[in-house]
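The following paragraphs lead through a protein model, from single aromatic residues to the interior as a whole. Please keep the sequence and the structure in view while reading.

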Amino acid sequence: MAEGTLTATIRKIVFKAEPYLPQVPKPKKKIPLQVRLLWCGIALLIYMIMGQTPLFGATAPQFDFLAFARVIFASQQGTLVELGIGPIVTAGLLMQLLRGSDILKFDFKKPEERGIFQTATKLVTYVVIVAESIVYAIAVYGPGVTEPYVMYVLIGQLMAASIIIMFLDELIQKGWGLGSGISLFIMAGVAQQILWSMFSPLPAGDGGMIGIIPYLIESLTGSGNIENVFFRSNQLPSIFGLFLTAGVLLVLVFTQGIKIEIPIVSTKYRGFSAVYPIKLMYVSNIPVILASALTANAVFIFQMLWANMNPRNNNFFMNFVAQFDPTSPNTPVGGIIYYITPPRGLDVAALDPMRAVGYVLFMIGIVIVFGRLWVELGGLSPKSAAQNLLDADVQIPGFRRSNAPVEALLNKYIPSVTIIGSAILGGLAGVSDVLGVFGSGIGILLMVDILINYYTQLVREQVEVVMPRLGALLGRK
């Protein structure tokens, strides 16, 4: 490798910085599943406690710049998990995109190369944590800070909390737990929202309770209006939303099971045969996450520009891009931003049906674009999949054991399932957000995908006992 390339520079930085980086050590031997699940529970408990601990010195901000990304980042406004897993996700996606586009060249077949890449990602995560903590503290809480030391304390809290979250994720990924901390925290956040929508006993704006189950019981006992149980205003949980949530869950579980199975045989273990599954949801939920992150960042940027340049919505050029309600600054009322953010709830969608249709079409289109992009950059293309099969010491019966014929076969399926699967995911996310499912449409997609991945990991552990390399291949997303 020629000196001076970005990869060579990163190698040098990693070699110099790695001895000084605090890291969670890997377990010396494989830990029993029960103990790993216990560690997952401990990490989740710490995260939930942090999510209920308010930031010292923070005042109620006028804007919630991360409102549209709270589900993705598993964050809670005004608490120690204000930034959530945002810095980890941002750094990880950046490094994966650089590697997938061959700007960074690392051979993951070699453990030392994989280790260098992971350490480099950790260094980038530290940089993102520092940058996001400073920018977010100044932009969101800066106007309410009167003493300079309070700002330093706020920045320090955001940095420290994000580093703790990074170590919790590393603890789980290093083998002490199961899966990843990122997935665990997202899943817990969405599940918490669903349970809150179902069982919360706190009073709501319509005179009843927030949770649909307590509200239904209250209505059946005569102290409430039974008609309001089915459809409630102000985005409050309803029976319709409950049935819709259950329906979306069933559709997702059903579509996750649709796949094309290509028979494969081992070249090392005689008599062993299996199938290589190409799922309808081949790209998983990564395109939805990317699309949501792009939308959230667009809203974040234009909300800041609007607050400083167009707070009265009287700038013609700014109005074309974004308009917000001055009495409720988190609510878009016009411009491009208005049509790429969801009108949550039937009552809101009914006021402007074209916005609801436009948002669903926007989600389908942008998820397809990111789906095709991720297949190429994420190492999921027919060429990469063919190479993975050969590297796992397997071959397809009736085909030569070389890249070209296997790639040609995979090329018949992968581009099609990428477009169809991305369109289904984008449509489900868009329609679910508009109709008001519990936990948001994107949250439901992420939770189901994470649960299925956890199931796949449990199956993979059993397969790896017999054939480690094939188990790793079949368990890959």
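A residue is called buried when its relative accessible area is under 20%, exposed when that value is over 50%, and partly exposed in between. By this convention tyrosine 339, with a relative accessible area of 40%, is partly exposed. The model under discussion is a predicted one.

Tyrosine 339 forms an aromatic pair with tyrosine 338. A pair of aromatic rings is described by the distance of the centres and the angle of the planes. For tyrosine 338 and tyrosine 339 the centres are 5.0 Å apart and the planes stand at 85°, an edge-to-face arrangement. Tyrosine 338 has a relative accessibility of 14% and therefore counts as buried, the limit being 20%. The face of tyrosine 338 also has a charged partner: arginine 355 lies over it, at 4.2 Å from the ring centre.

The structure holds 5 aromatic pairs. Another of them is formed by tryptophan 39 and tryptophan 176, whose ring centres are 5.9 Å apart; because their planes meet at 70°, this pair too is edge-to-face. Tryptophan 39 belongs to helix α2 (residues 33-51) and tryptophan 176 to helix α6 (residues 148-176), so the pair ties together parts that are 137 residues apart in sequence. Both rings belong to partly exposed residues, with a relative accessible area of 31% for tryptophan 39 and 22% for tryptophan 176.

Beyond α6, serine 180 lies in the loop that leads to α7 (181-199). Its relative accessibility of 16% makes serine 180 a buried residue. Neighbours within four places in sequence aside, serine 180 is in contact with Asp169, Ile172, Gln173 and Tyr454.

Attention may now turn to α16 (403-410). Which residues of α16 are buried? They are Pro405, Val406, Leu409 and Leu410. These four cover an arc of only 135° around the axis, and therefore they lie on the same side of α16. An α-helix has 3.6 residues a turn, so residues three or four places apart point the same way. The cover over the buried residues of α16 includes strands β1 (259-266) and β2 (273-279) together with helices α15 (382-391) and α17.

The loop between α16 and α17 (414-435) contains tyrosine 413, a partly exposed residue with a relative accessible area of 27%. Residues up to four places away in sequence not counted, tyrosine 413 touches Ile260, Ile262 and Ile278. The C-alpha atom of tyrosine 413 is separated by 9.7 Å from that of lysine 279, although the two residues are 134 apart along the chain.

Leu410 of α16 leads into the interior. In soluble globular proteins, nonpolar side chains tend to be buried together. Here the largest nonpolar core has 110 residues, and Tyr282 and Leu410 are those with the most contacts inside it. Outside its neighbours within four places in sequence, tyrosine 282 is in contact with Val375, Leu380, Ala385, Ile414, Val417 and Thr418. Apart from this core lies another, of 8 residues, including Val299, Met318, Phe324 and Ile340.

The protein as a whole comprises 19 helices and 5 strands. Of its 477 residues, 48% count as buried. Among contacts between residues at least 6 apart in sequence, 64% join residues at least 24 apart. The accessible surface comes to about 23,400 Å², of which carbon and sulfur atoms account for 67%.

Conventions: Residues are numbered from 1 along each chain as its sequence is written. This is a predicted model: local features need pLDDT of at least 70, side-chain atom pairs count only at pLDDT 80 or more; totals for chains, interfaces and linings use all residues. Side-chain values use heavy atoms; hydrogens and water are left out. A nonpolar core is a set of buried Ala, Val, Leu, Ile, Met, Phe, Trp, Tyr and Cys residues joined through side-chain atoms within 4.5 Å. Buried means under 20% relative accessible area, exposed over 50%, partly exposed in between (1.4 Å probe, protein chains only). Contact means heavy atoms within 4.5 Å. Rings of Phe, Tyr and Trp (its six-membered ring) pair if their centres lie within 6.5 Å; planes under 30 degrees apart count as stacked, over 60 as edge-to-face and the rest as tilted. Helices (H or I, at least four residues) and strands (E, at least two) are DSSP runs, numbered from the N terminus. A charge sits over a ring if NZ of Lys or CZ of Arg is within 6 Å of the ring centre and within 35 degrees of the ring normal. Accessible areas come from the Shrake-Rupley method with a 1.4 Å probe; for residues, only the protein chains shown count as cover. The arc is that of the directions from the helix axis to the C-beta atoms.
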